[in-house]
Amino acid sequence: MTTVKIIEDGAAIALDMAGVTSRYHAIWLRDNAWDEGTRASGNGQRLIALSDIPEGIAIQGAEVAGDTLTLTFAPTGERIDYDLNWLLAHCYDLPQMSEKGWVSDETIVWDAAMRDHIPQADFNQVKTDNEALAAWLDGVVQFGFGKLSGGPVQEGALFEVADLFGYVRETNYGRHFEVRTEVNPSNLAFTGLGLQAHTDNPYRDPVPTVQILYCLENSAEGGENMVVDGFACAQRLQREDPRGFHLLSSYCARFEFAGSEGVCLRSRRPMIELAPDGALVGVRFNNRSAAAITDVPYADMAAYYAAYRRLGQIIDDPDMEITFKLEPGECFVVDNTRVLHARKGYSGSGSRWLQGCYADMDGLRSTHAALVQEIVKAAE
Ligand code: FE2
């Protein structure tokens with residue numbers, strides 16, 4: 001049983017649905033009407049600007065019949081129907097998050113203990129079965145990371161992975177890049193250098209938000225990949241050192257890459273990025289491309305460096321990482337705004353050849369959401 005009451009002299013209504021009361025403002029309701037004068041019937045885009053709605057818009061009549069709320073607005077006299085289920089799904093009269101560093105409901109923050117739960121799927125299955133693809137993408141959205149196995153062992157196969165959910169982002173490194181080392185078999189002591197966990201290309205703005213790394217050869221000893229959840233590390237820093245978290249999220253770091261001719265990439269962003277409401281939205285961490293930090297005042301610089309060091313220690317803690325060795329035909333995808341990746345040193349005879357490329361999370365999220373809608377519709 002749903003009831004509606006006009007409150008605040010028509011400036012808002014209070015809807016009581018199943019004992020829960022939610023308030024909605026007249027201006028919000030008029031702006032979010034779904035009648036054909038407000039929204040284009042084909043693509044759903046809004047046809048009006050806020051300036052088309054009178055400043056003093058108010059509600060003078062409100063009634064509920066079934067799943068429909070009908071409102072009459074003053075001074076325009078417009079009568080507009082609203083779907084109660086849509087209103088319930090878009091309710092904003094909720095307790096607000098006051099703590100910084102929170103993550104959305106769709107995010108699962110993880111560490112080494114979650115190693116058996118990482119999203120994994122078979123390449124051929126996700127390629128041919130939309131439900132399997134939706135389930136895997138769901139995991140990538142939640143974990144910021146996912147693995148695929150059983151793919152073709154051929155150059156350029158990584159583009160087929162990008163095609164599953166979006167588009168390759170070309171950069172000055174090209175459409176893709178090679179990560180290839182021949183380990184010299186005559187010198188078994190040779191060790192390929194390990195790389196500390198990092199996010200890629202923090203000197204771009206925006207950064208590439210997805211990275212795909214696809215394995216074609218991996219017969220060298222070592223060379224495992226590691227992934228670390230940057231959100232888990234940022235939240236751990238916040239618990240252990242709230243002031244350090246505050247410093248890394250309040251001041252901008254600087255990143256730079258000018259290592260090839262004609263390229264001079266620079267960005268100025270915090271290592272831990274928060275939305276204005278405190279939501280954790282991104283982590284940038286890369287010792288190789290950190291530039292001189294000049295946006296932290298003298299009084300805070302020593303403490304800022306201590307926090308930077310502590311964040312690095314947390315990132316390097318084996319309790320935070322998931323390690324795996326990619327076999328030829330396997331690949332992984334990371335949300336590069338959140339999940340750091342690393343490679344262990346490698347040695348001995350054999351070779352290691354990965355191909356990498358960038359894509360974007362908006363395309364991945366879009367494909368995921370559209371697939372979910374399609375699956376739900378088909379089930380109805
Ligand atoms: Fe990298």
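Here are four short exercises with worked solutions on the predicted model shown above.

**Exercise 1. The iron site**

Find the protein donors of the iron ion and work out how they are spaced along the chain.

*Solution.* Start at the metal and look for the protein atoms that bind it. You should arrive at NE2 of H198, OD of D200 and NE2 of H341, which lie 2.2 Å from the iron ion. Next, read these donors along the chain: their spacing is H-x1-D-x140-H. Now place the two histidines in the fold. H198 belongs to strand β11 (residues 195-198) and H341 to strand β21 (residues 339-343), so this pair ties together parts that are 143 residues apart in sequence. Finally, check the accessibility of each histidine. H198 has a relative accessibility of 4%, and because buried means under 20%, H198 counts as buried. H341 is buried too, with a relative accessible area of 5%.

**Exercise 2. An arginine without a salt bridge**

Locate R204 and determine which side chains make polar contacts with it.

*Solution.* First, the location: R204 sits in the loop between β11 and β12 (210-218). Second, the charge partners. R204 is buried but has no salt bridge, and the nearest side chain of opposite charge is that of D200, 8.1 Å away. A salt bridge would need a distance within 4 Å, and D200 is also one of the iron donors from Exercise 1. Third, look for polar contacts instead. The side chain of N172 makes one with the side chain of R204 at 2.7 Å, and the side chain of N201 makes another at 2.6 Å. To complete the surroundings, leave out residues up to four places away in sequence; R204 then touches T171, N172, Y173, L265 and S267.

**Exercise 3. A hairpin**

Describe how strands β4 and β5 pair, and examine the turn that links them.

*Solution.* Begin with the strand limits: β4 covers residues 58-65 and β5 covers residues 68-74. Their pairing is antiparallel, over 7 bridges. To fix the register, take A62 and find its bridge partner in β5, which is L71. Then move to the turn. The two strands form a hairpin with 2 residues between them, and G66 in that turn has a positive phi of about 60 degrees.

**Exercise 4. Apart in sequence**

Is D163 buried or exposed, and how far is its C-alpha from that of A359?

*Solution.* Look for D163 in helix α5 (residues 157-165). Its relative accessibility is 60%, so D163 counts as exposed. Now compare the two separations: D163 and A359 are 196 residues apart in sequence, while their C-alpha atoms are 9.6 Å apart in space.

Notes
Residues numbered from 1 in each chain as written. Predicted model: local features only at pLDDT ≥ 70, side-chain atom pairs only at ≥ 80, totals over all residues. Heavy atoms only, no water. Pairing = 2+ DSSP bridges. Helix = DSSP H or I, 4+ residues; strand = E, 2+ residues; numbered from the N terminus. Donors = N, O, S within 2.8 Å, 3.2 Å for Na, K, Ca; no water. Buried < 20%, exposed > 50% of the residue type's maximum accessible area, 1.4 Å probe, protein only. Lys, Arg positive; Asp, Glu negative; His and termini not counted. Polar contact = N/O pair within 3.5 Å; in protein donor to acceptor, adjacent residues only side chain to side chain. Contact = heavy atoms within 4.5 Å.
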